[in-house]
Amino acid sequence: MAYMKRLSSPLLDRIDLHVEVHPVPIRRLQSREITGPTSQCARHQVLVAVERQRIRQGRVPNGLLEGHELDACARLTSAAESVLVDSVETLGLSARGWDTIRRVARTIADLEDRNHIEVSDVTEAVSYRLLDRSFDP
């Protein structure tokens with residue numbers, strides 16, 4: 001993780017998803033036990049979410065929504081908006097971070113087959129922005 005200190009905050013701010021991946025323990029690999037959704041199940045969930053986006057937005061995917069499009073397509077419940085405001089203020093995120101969290105939360109809600117963005121969608125999206133706050137370059 002020493003290389004993380006070389007990355008500037010403005011650069012990290014332009015990366016939408018920050019995910020720390022830990023190695024899989026060899027015992028788990030040996031067990032061949034399947035946990036979580038299968039690839040086929042995940043594929044189906046993604047295809048349904050993409051179709052939901054297409055119906056709502058035409059050919060513009062969530063990741064390219066900006067300004068008024070984002071305001072119209074990424075509607076949050078009042079509780080979700082409150083959590084987003086608190087998170088942005090607490091973490092000191094930029095306006096870019098605000099929009100990124102809304103886009104990612106919109107995608108999470110689509111994967112869960114929901115029209116509105118809920119608190120759980122926002123908290124998950126915020127969790128993908130925490131890596132740039134873990135390191136002070």
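Asp 71 is partly exposed, with 45% of relative accessible area, and this residue of a predicted model is a convenient place to enter the structure. Its partner is Arg 102, with which Asp 71 forms a salt bridge whose closest N and O atoms lie 2.9 Å apart. Since Asp 71 belongs to helix H4 (residues 67–73) and Arg 102 to helix H6 (residues 95–111), the pair ties together parts that are 31 residues apart in sequence. The two ends of this bridge are assigned to separate accessibility classes: Arg 102, at 9% relative accessibility, counts as buried because the cut-off for that class is under 20%, whereas Asp 71, at 45%, is partly exposed.

Helix H6 also holds a salt bridge within itself. Arg 106 pairs with Asp 110, again with the closest N and O atoms 2.9 Å apart, and because these residues stand 4 positions apart in helix H6, about one helical turn separates them. Arg 106 is buried, at 0% relative accessibility, and Asp 110 is likewise buried, with a relative accessible area of 0%. The pair does not stand alone, for Arg 56, Arg 106 and Asp 110 are linked in a network of salt bridges.

Further along the chain, Arg 114 forms a salt bridge with Glu 118, where the closest N and O atoms are 3.7 Å apart, a value that still qualifies because the criterion asks for a side-chain nitrogen within 4 Å of a carboxyl oxygen. Glu 118 is partly exposed, having a relative accessible area of 34%. Taken over the whole structure, the search finds 8 salt bridges, among them the pairs Arg 102 with Asp 71, Arg 106 with Asp 110 and Arg 114 with Glu 118.

From charged pairs we turn to the packing of helices. Two packed helices are described by the angle between their axes and by the distance between those axes. For helix H5 (residues 78–91) and helix H7 (residues 119–127), the angle is about 20° and the axes are 8 Å apart. H5 is therefore roughly parallel to H7, since angles under 35 degrees are placed in that class, and H5 passes H7 in a right-handed crossing. On the side of H5, the contact is made by Ala 79, Ala 80, Val 83, Leu 84, Ser 87 and Leu 91, while H7 contributes Val 119, Val 122, Thr 123 and Val 126. By residue class, this contact between H5 and H7 comprises 8 nonpolar and 2 polar residues, with no charged ones.

Terms used. Residues are numbered from 1 along each chain as its sequence is written. This is a predicted model: local features need pLDDT of at least 70, side-chain atom pairs count only at pLDDT 80 or more; totals for chains, interfaces and linings use all residues. Side-chain values use heavy atoms; hydrogens and water are left out. Axes are lines fitted to C-alpha atoms, for helices over the stretch in contact, and angles run from 0 to 180 degrees between N-to-C directions. Helices (H or I, at least four residues) and strands (E, at least two) are DSSP runs, numbered from the N terminus. Angles under 35 degrees count as roughly parallel, over 145 as roughly antiparallel, 65 to 115 as roughly perpendicular and the rest as oblique. A crossing is left-handed if the near helix is turned anticlockwise from the far one by less than a right angle, and right-handed if clockwise. Contact means heavy atoms within 4.5 Å. Ala, Val, Leu, Ile, Met, Phe, Trp, Tyr, Cys and Pro count as nonpolar, Asp, Glu, Lys and Arg as charged, and the others, Gly among them, as polar. Buried means under 20% relative accessible area, exposed over 50%, partly exposed in between (1.4 Å probe, protein chains only).
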